[in-house]
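Subject: The structure I promised you

Hi,

Here is the structure we talked about, ready for you to open and turn around. Have a look first, then read on for what turned up in it.

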Amino acid sequence: MAGEWREKTIDQLGRIITGKTPESAEPKYFGGDIPFVTPTDFDGRRVIASTGRYLTTHGVDTVRGARVPPRAVMISCIGSDMGKAAVTGRECVTNQQINSIVVESDDDPLFVYYNLSIRKEEIRAAAGGSAQPILNKSAFGRLDIGLPPPEEQRAIAHILGTLDDKIELNRRMSETLEAMARALFKAWFVDFEPVRAKIEGRWQRGQSLPGLPAHLYDLFPDRLVDSALGEIPEGWGVMTIGDLAEAEKGLSYKGDGLVGEGGLPMINLGCFVGGGHFKIEGIKRYRGEHKQRHLVSTGDLLVANTDITQNRVIIGSPVLLPKLVGEDRFLFTHHTFAIRFKSGAEKLRKYVYFNFLRPEFREMAEGFATGTTVLALPKDGLLNFPLILPPQSVLVTFGSFVDVNLNAADVRRRESETLVQLRDALLPKLISGELRVPDAERLVEGTQ
């Protein structure tokens with residue numbers, strides 16, 4: 001089979017484009033509809049069609065030579081994010097940290113993407129510079145790439161792409177389900193939509209409204225009253241997190257106890273991502289002495305309390321206890337608070353979880369955060385966060401609604417974890433030719 005493959009360098013595949021950034025002080029260059037890709041947009045998507053920033057036609061005209069067409073392969077080539085890969089979903093411009101290869105041969109761009117996506121260490125090793133490693137256009141172009149015949153490239157890309165498509169579909173569906181749960185929380189407990197609908201006569205007994213079935217009518221009052229937090233529904237109370245729970249901070253578990261495999265899975269700052277999501281890839285392993293109280297208990301909510309980025313505070317979203325196959329014990333570090341509910345308050349767990357996702361919680365965290373290089377949220381700041389406390393009947397009903405969405409989202413995430421493991425196992429073997437396409441197709445068929 002080796003004779004069927006050929007070696008090329010990246011620059012033999014087509015044009016290499018190094019990105020540029022328009023003058024940032026000129027407002028007319030930004031805010032248009034042309035995607036401006038930076039390494040921040042490399043967030044795990046295979047294809048990037050939407051970005052955090054956009055350029056106007058005026059902005060693009062100043063960096064005309066940096067326009068990148070659809071289906072180009074982008075690689076971040078400067079700094080700590082070096083080696084990340086993605087494909088352009090539409091015409092765009094990238095910044096100077098990204099080199100793009102516009103494949104103009106008969107080779108398949110997606111195969112090239114998959115090949116480069118697993119070569120981070122090689123790309124970093126090829127970079128020059130010490131304080132700020134850089135893989136310039138010429139050095140990027142000299143990278144070798146092994147290529148099977150084009151039809152086999154397309155077959156390999158199709159197999160891997162099928163798995164990625166399923167992973168992406170699951171991600172979008174999970175996000176939709178979770179967004180629906182957050183929207184219900186906001187409607188009931190922030191905007192007080194059921195109460196206002198009754199006050200304004202829009203919701204009457206025996207009548208159903210979107211999100212407000214008729215049988216829920218008697219759960220909500222028809223008045224708002226003053227409180228320490230402003231107007232709240234009549235009969236509802238005000239409490240703090242500290243009235244309901246205690247917070248346990250982990251320790252800095254490091255040194256010789258850190259291991260690559262085996263040991264306890266350890267939840268740390270790298271495990272937290274936005275929106276309440278948990279990044280399993282961020283887990284570290286620890287084999288050494290530890291405090292029993294720093295093991296995650298069933299029912300704990302976990303909240304990251306620091307951010308490693310200087311001069312910026314991001315209080316990580318709380319996560320429900322993740323369940324990894326064969327793992328039932330987790331250690332947590334000093335970057336994490338475990339929120340442990342007092343007796344009788346356990347049923348408030350999901351309600352508190354959604355409160356932690358509110359912008360008001362992040363604003364409070366930034367106000368309380370202390371430190372200079374690494375900003376940290378003190379325990380008192382967390383426990384003093386005030387909450388509106390609805391009646392138990394409302395909380396139970398809310399829980400029954402959101403459980404359906406959260407459980408369905410969890411099923412999608414678990415399926416994606418399995419698909420990611422399969423993709424990551426197949427990718428290097430297919431790219432190197434160790435595994436043939438028919439054998440890989442049989443493995444993927446089991447996921448249909």
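Let's begin with the whole chain: of its 448 residues, 47% count as buried. Please keep in mind that this is a predicted model. The C-alpha trace spans about 75 × 55 × 50 Å along its principal axes, and the secondary structure comes to 12 helices and 22 strands. If you look only at contacts with a separation of 6 or more, 74% of them are between residues 24 or more positions apart.

How far can you trust it? The average pLDDT of the protein chain is 88, and 91% of the residues score at least 70. Watch out for residues 309–313, though: pLDDT stays under 50 there, and the model has 12 contacts for that stretch beyond four places in sequence. Where pLDDT is low, the predicted coordinates should not be read in detail.

Now zoom in on helix H2, which covers residues 109–117. Is H2 mostly enclosed or open to the outside? Count its buried residues: 8 of the 9 are buried, so H2 is largely enclosed by the rest of the structure. You can pick them out one by one: Pro-109, Leu-110, Phe-111, Val-112, Tyr-113, Tyr-114, Asn-115 and Leu-116.

Asp-108 is worth a click too. At the start of H2, one of its side-chain oxygens comes to within 3.2 Å of the backbone nitrogen of Leu-110. The backbone nitrogen of Asp-108, in turn, is reached by the side chain of Gln-153 at 2.8 Å.

That brings us to Gln-153, which sits in helix H5 (residues 150–189). Why does Gln-153 count as buried? Its relative accessibility is 0%, and buried means under 20%. Not counting neighbours within four places in sequence, Gln-153 is in contact with Arg-6, Asp-107, Asp-108, Phe-111, Leu-147 and Pro-148. One of these, Phe-111, is also among the buried residues of H2.

Next, two residues from further along the chain. His-294 is in the loop between E18 and strand E19 (301–304). With a relative accessible area of 0%, His-294 is buried. Leaving out residues up to four places away in sequence, His-294 touches Glu-248, Lys-249, Gly-250, Leu-251, Tyr-253, Phe-330, Leu-331 and Phe-332.

Lys-284 belongs to strand E18 (residues 284–286). Its relative accessible area is 45%, so Lys-284 is partly exposed, a label for values between 20% and 50%. Beyond its neighbours within four places, Lys-284 is in contact with Leu-258, Leu-264, Pro-265, Met-266 and Asn-268.

For a nice example of folding back in sequence, try Gly-14 in strand E2 (residues 14–18). Gly-14 and Val-102 are 88 residues apart in sequence, yet their C-alpha atoms are 5.5 Å apart in space. Gly-14 also touches Ile-101 and Glu-104.

Last, the second largest pocket. It has a volume of about 230 Å³. There are 15 residues lining this pocket, and the closest to its centre are Thr-38, Pro-39, Thr-40, Asn-95 and Gln-97. What is the lining made of: how many nonpolar, polar and charged residues? The split is 3 nonpolar, 9 polar and 3 charged.

Have fun exploring!

Conventions
Residues are numbered from 1 along each chain as its sequence is written. This is a predicted model: local features need pLDDT of at least 70, side-chain atom pairs count only at pLDDT 80 or more; totals for chains, interfaces and linings use all residues. Side-chain values use heavy atoms; hydrogens and water are left out. Helices (H or I, at least four residues) and strands (E, at least two) are DSSP runs, numbered from the N terminus. Buried means under 20% relative accessible area, exposed over 50%, partly exposed in between (1.4 Å probe, protein chains only). A polar contact is a pair of N or O atoms within 3.5 Å; within protein, one must be able to donate a hydrogen and the other to accept it, and residues adjacent in sequence count only if both atoms are side-chain atoms. Contact means heavy atoms within 4.5 Å. On a 1 Å grid over the protein atoms alone, a cavity is a set of points where a 1.4 Å probe fits but cannot get out, and a pocket is an open set with protein on both sides within 12 Å along at least five of seven lines; lining residues have an atom within 4 Å of a point. Grid points are joined across faces, edges and corners, and a volume is the space filled by probe spheres set on the points. Ala, Val, Leu, Ile, Met, Phe, Trp, Tyr, Cys and Pro count as nonpolar, Asp, Glu, Lys and Arg as charged, and the others, Gly among them, as polar. pLDDT is the predictor's confidence in each residue, from 0 to 100.
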